[in-house]
Amino acid sequence: MIHSLFLVNASGDIFLEKHWKSVVSRSVCDYFFEAQERATEPENVPPVIPTPHHYLISVLRHRIYFVAVIQSEVPPLFVIEFLHRVVDTFQDYFGVCTEAAIKDNVVVVYELLEEMLDNGFPLATESNILKELIKPPTILRTMVNTITGSTNVGEQLPTGQLSVVPWRRTGVKYTNNEAYFDVVEEIDAIIDKSGSTITAEIQGVIDACVKLTGMPDLTLSFMNPRLLDDVSFHPCVRFKRWEAERILSFIPPDGNFRLLSYHVSSQNLVAIPVYVKHNITFREGSSQGRFDLTLGPKQTMGKAVESVLVSSQLPRGVLNANLNPSQGTYTFDPVTKLLSWDVGKINPQKLPSLKGTMSLQAGASKPDENPTINIQFKIQQMAISGLKVNRLDMYGEKYKPFKGIKYMTKAGNLCQFRLH
Amino acid sequence: MSASSAFNDEKGGSSSVGEPEYGHDPASGGIFSSDYKRHDDLKEMLDSNKDSLKLEAMKRIVAMIARGKNASDLFPAVVKNVACKNIEVKKLVYVYLVRYAEEQQDLALLSISTFQRGLKDPNQLIRASALRVLSSIRVTIIVPIMMLAIKEAASDMSPYVRKTAAHAIPKLYSLDPEQKDQLIEVIEKLLADKTTLVAGSVVMAFEEVCPERIDLIHKNYRKLCNLLIDVEEWGQVVIINMLTRYARTQFLNPNINESLLEEGGGGEKTFYGSDEDEDEDEEEKEKKAEVAAMAKRKPYVMDPDHRLLLRNTKPLLQSRNAAVVMAVAQLYFHLAPKAEVGVIAKALVRLLRSHSEVQYVVLQNVATMTIKRRGMFEPYLKSFYIRSTDPTQIKVLKLEVLTNLANETNISTILREFQTYIKSMDKDFVAATIQAIGRCATNIGEVRDTCLNGLVQLLSNRDELVVAESVVVIKKLLQMQPEKHSDIIKHMAKLTDNIQVPMARASILWLIGEYCEHVPKIAPDVLRKMAKSFTNEEDIVKLQIINLAAKLYLTNSKQTKLLTQYVLNLAKYDQNYDIRDRARFIRQLIVPTEKSGALSKYAKKLFLALKPAPVLESPFKDRDHFQLGSLSHLLNAKAGGYQELPDWPEAAPDPSVRNVEVKESVPEWTKCSSREKRKEKKVEKPFYSDSEGESGPTESADSESDSASGSESGSGSEESGSGSESEESEEGSESEEEEEEEEEKDKKKKKKELKKPVPETESEQSSEEEDRKIKRKSKQRKSDSESESDEDEESESESSQSESEDSESEIEVKKKKKTAEMKPPSKPVKKETKKEKKEMSLLDLDDFEPAPSPQVTPVNTFLSNSLVTDLEGLSLSDSVLSPATIAPSSVLKNYELLHRITGEGLSVEYCFSRQPFSPDANMVAVQMQFTNSATSDTKNLHMEDVKLQSGMRVKEFPEIELLSAGETAMAVMGIDFCDSTQAANFQLCTHTRKFFVSIQPPVGELMRPIFLTENEFKKEQGQLMGMNEITEKLTLDAKCRNEHAIVQRVTTAANLSRVPCGSDKECRFAGRTVTSSSLVLVTVATKEEGAAQLTVNCEKMVIGTMLVKDILLALTQ
């Protein structure tokens, strides 16, 4: 299946290669570089590139291209999904997945890749199993290892690989038994210039951090499970129980994991917690344009809208912007024409605004593109869909765990206001 | 800390320069040291006896490999460390080895023995890793070794090792395709494996080695369907894709009838010209189908196996793995009835939230699906709206989907959306949007005018690309119905005053020229204007002006003759030679002169030919002949190794091929009379509907917990739900189990009472007892780990399953009832329940074998084995105690070693005494009888010069000092035959002579009897399936049709002991080979009229085959 893997950085250097079958010359990447050159933006490189003898399937994460070399028919999503899993694993191990981190830990990276694939077919992708095989590097361990010459490779054999619950290690022990669940919802919306919603969806995830001794069996129930329109589970969740009772029943993996992602259907009316008042005009014949933007909170149930970040791609004709924010700071990049305004917290009494003028190319006619505004924000202690966890129970173990549930609402990557 | 950071710094620093790092050994440092020298340093480190130095060296070598630097010259130094004790060093050496073995084949061979040793390790993980590395070394010489290792690992006890064996199969295949046939055998064997761990990997191997051997899947189809949900996610993808192909060959098209209905509903479809031919095709097909349907006069009924597949894959739409979701989606798209395909839409839309690469692939597939099944995605229209942050390739694909989804009702929203896209800053995207609008306009007649007007407005856009694209699209639209749109052409003619973009001007001129008869008044005027500005125009415009002039000259020469002349004259002296050429060419064509050739006659035809309207259709049309989700589909070209998705068969192939005769080898089945069996075969449907409902839990890897948790109420309802199920309900609930065990015991006792009294030793009883305890313990552990909640879940699902099957099973129930009535009354119900109970216990045992925590099993066998050996220690008393179970020793056969004549009076006979040879338990005792029929005494009888095959040993008999004439003497010698039938050659010496003699054992003598209980027997037999099992049908000799005779003959042929058995239709025997203590299990199941079936299970396949022959001979003669 997956023949080889090349890691390519932003400047087009191959800085790591790994072959699971016979060696494929790195010159195969030339086809990739060609495609990279053709693409105007880094993310426009096609994920699948056919070459005379191979197929290149790549993903772009953290400004690194992970280019897998395939020789014959394989579902492309299979490879893509696997590559993302590799990136997730690196992130899990090294905290970040950057070129420097990979180069510094090249041996661990190699050991990981070796365990994850056998002859190009995924073998162990469960992070719990991998961590038993190869311990993640920590500063302390690296130090100890250099002094004592001991290793990152686990001494004991990974029994998890053999068990029916491959996602959980055996013999887990904690002094403080705790289980935390974060319900995080993201709003994806497109709002037109008049302020009415064109489309709005809520995507939610429940991320868990479970540190419980032994083999606990948890059930999590919701007050209003019917809200969830579409769900996808971690493999530990018992599907039939959910189908029948809408209760999440599972033996959790040890540590951090994503229990559930869900979708609240767009049919329900989604209240966007932020509104935008804007007035951006370019006058014909003048080299000046006016820019006026005001933000305000809406239906937040008294919760503060925080970490607000506004960004907008201004038309190409704009040379510079001379703006005055009522709070926060703004930057404008005259090359990329990207305006970003770090607002911070919205104070409902004194709405933040950004006003000023834009200077346009002299003589050019009025730009006919209108910018869109993308907004990022966070609201703590609230799930915008109204989803509420009812209770969390544990079976199978005697002790009383500490349980915690946190809610948060965020703007998704795609929350945008159209200004035309 | 400082040390580590220094090291890291150095690493980072050196890598940025692009130089390999040198470590912190100052001796080797220095930028100028040559490669050669640096490697010397690494070699030194590898040769040292400090693990830390070795590790350091290996890390640096691996870093070199990672960066693509050549490190092959270090091979000899590295390969030495393959047996290093340090795990990390070892692993890194493996990494190195796998990378370079191909280049240094000879040296790589040095490491092979290490792995061969690893293959025999008691730890399953070490065995697996040895096989993994061994099979990854791409050295052709070791192909036979790999083959052997794979075969052995394929019957390993540990499922993990078997999984590794499955992984190794494609490796070997790519190394040496000649091995295909043998590998297929292994695949076949592994396909029969019942654990989830193996399933994904073996299907992967199947797909790579022999995807065409679809027949191998039949027997495993249901099992795969049922296991699917528990298989790891990557395996799920492979299995689902394979099953899609399988289903296409085995089941009927579920939409065969619906296509008729579709025609009525698809009225809008016929509207598009492009679809017409397709429709015709479809109509034809439908007619055929109709005829077929009429002939059949029977509605389509889905094969229950087809339904099983759809039902078992559906939950996987909820998987977090996009590849799994896509696999299920394509399965539904290709296999499900139209009404059910809709379920996949939601899941696919969910994937659009994932990474952009995932979106890219999903959108491609959605685009294909929307062409065939538009309704499916219509509710999710808004999810395909484009955001300014999407990469261009995603935007274009979303546009494609939106265009495909457009219909009369939603077109206005879509067009409004498109309008905002046109203002985007991404020009490629704007161009694509304009194209999309054009396609919507062609597809939906109602909005054509709106679209046209919108596009015409775009002509005033300042962006050249937008205008050009609009003009091109307008041109296409107008070409479809030019007569209706003379006003648009007029409007465009007016635009020539304003529009400066040359491409657009050229397009307009072409349009006017093409349709000049629709605008007869305007056209000459346009030409006049153009003639005036000719010299200032761009080249493409000039060319079009010439074209326009030519066309007008041909249609309206009166008005335009002079203008044309003028234009052509201007063009004649143009700077551009293309234009000069064109002018000259056209002048020759249209202006008739004396010299003008034959072509001028055809000038009208040449210029005013009807140009075909361009077809605006989706590039995704007809892509669904590739299996969706595949690479080939994405590229719209067949990728290497792509397996075509076959068309539905006209008539369904025999569904009975998928019937699995549940554990044929397990003798319980053969117990039921042949009549019963025949009946079962006749009533197929109920048979598999049952297995469908129930085989799921029994066969899945964690079946134990399942079977344990199936609550009583669940199984109760099952039985009441359909009478059929009670017949062979295989589920045992935990609570029932104990009862059942007791009952079983009772039964046993009864039987024992009935039959001749079998003396029970206490130890036997206790061993059974012990076994059970262990079993129960392990079960408890299981159920502990599994939540209570599981029970509800299971019962829930089960009841729902039976519900869903109600409709299907109703008929079957009736049938069953009939057959039940037909059953001879002489068969009491009691017997049935007994059988059922038996099966339960049987399944329990079977479940027990692939138990998820395999540590339990060995403990168990070990325990019972030790008990057996304990028993054996008392073997003398044993045979006295239970004469019925141990072979009668009266049947010993004598063989001649030395004939009286060749021995000059001395004759020697020997027999295998079947007594344990006390000096060495691994030897077979050979009892010799010396007879001196000569007239003189023989002295110093002893043996000498023993010639043996390697591994064999002989314990000589003590020298017989004197054998007087006419006397006989006995002696016992021991021979370790190493479980082979090789002869032991030696010389028999007397004081005067030497005789060359040899002893060759019949295979039946290479074993010693052991005592097994029935349960142990069955369990062991369950572990010796597949290649370790040999089955032969035979007709019993007329004289040996009773149990006694059979026992007699078998025990004569082989040194085995009888296993007590509850049935008189079966005789079971057990033994172990003398040298290696491999189990030998023999079952003779008798049927009516002397038919019988002989089954031999033995780890040593050679012994098994030979033994079968011998016993066969013994029973048939």
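Helices here are DSSP runs of H or I with at least four residues, strands are runs of E with at least two, and both are numbered from the N terminus. With that settled, B:Val501 can be placed: this residue is in the loop between α28 (486-495) and α29 (502-514) of chain B. One caution before going on: this is a predicted model.

Staying with B:Val501, its relative accessible area is 12%, so the residue is buried. Along the chain, B:Val501 and B:Asn461 are 40 residues apart, and their C-alpha atoms are separated by 9.6 Å.

Next, chain B as a whole. The chain has 1117 residues, of which 56% are buried. Its secondary structure comes to 50 helices and 15 strands. If we take the contacts in chain B with a separation of 6 or more, 69% of them are between residues 24 or more positions apart.

Two further residues can be described in the way I described B:Val501. B:Pro304 is in helix α17, which covers residues 304-313 of chain B. Its relative accessibility is 8%, and B:Pro304 therefore counts as buried. The partner here is B:Phe251, 53 residues away along the chain, with 9.8 Å between the two C-alpha atoms.

The other is B:Gly1090, in the loop between β14 (1079-1086) and β15 (1091-1098) of chain B. B:Gly1090 has 5% relative accessibility and so counts as buried. Its C-alpha atom is separated by 8.6 Å from that of B:Cys1040, and the two residues are 50 apart along the chain. Which residues is B:Gly1090 in contact with, leaving aside neighbours within four places in sequence? They are B:Leu1034, B:Thr1035, B:Leu1036 and B:Arg1041.

A glutamine comes next. B:Gln544 lies in helix α31, residues 539-555 of chain B. At a relative accessible area of 17%, B:Gln544 is buried, because the cut-off is under 20%. Not counting residues up to four places away in sequence, B:Gln544 touches B:Ala506, B:Leu509 and B:Trp510.

Now a helix pair. Two packed helices are described by the angle between their axes and the distance between the axes. For helix α7 (residues 124-136) and helix α8 (residues 143-154), both of chain B, the axes come within 10 Å and cross at roughly 150°. Angles over 145 degrees count as roughly antiparallel, and α7(B) and α8(B) are therefore roughly antiparallel to each other. The crossing of α7(B) past α8(B) is left-handed. On the α7(B) side, the contact is made by B:Leu131, B:Leu134 and B:Ser135; α8(B) contributes B:Ile145, B:Met146, B:Ala149, B:Ile150 and B:Ala153.

Last, the aromatic rings. How many aromatic pairs does the structure hold over all chains? There are 25 aromatic pairs. Take B:Phe626 and B:Tyr642: the ring centres are 5.6 Å apart and the planes are at 70°, so this pair is edge-to-face. B:Phe626 lies in the loop between α34 (603-607) and α35 (631-635) of chain B, and B:Tyr642 in the loop between α35 and α36 (667-671), so the pair ties together parts that are 16 residues apart in sequence. B:Phe626 and B:Tyr642 are both buried.

In chain A, one aromatic cluster is formed by A:Phe66, A:Phe90, A:Tyr93 and A:Phe94.

Two arginines in chain B sit over rings. B:Arg99 lies over the face of B:Tyr100, 4.5 Å from the ring centre. B:Arg658 has its charged end over the ring of B:Tyr221, at 5.5 Å from the centre.

Methods: Residues numbered from 1 in each chain as written. Chains lettered and ligands numbered in written order. Predicted model: local features only at pLDDT ≥ 70, side-chain atom pairs only at ≥ 80, totals over all residues. Heavy atoms only, no water. Phe/Tyr/Trp six-rings, centres within 6.5 Å; stacked < 30°, edge-to-face > 60°. Buried < 20%, exposed > 50% of the residue type's maximum accessible area, 1.4 Å probe, protein only. Lys NZ or Arg CZ within 6 Å of the ring centre and 35° of its normal. Contact = heavy atoms within 4.5 Å. Axes fitted to C-alpha atoms, helices over the stretch in contact; angles between N-to-C directions. Parallel < 35°, antiparallel > 145°, perpendicular 65-115°, else oblique. Left-handed = near helix turned anticlockwise from the far one by under 90°.
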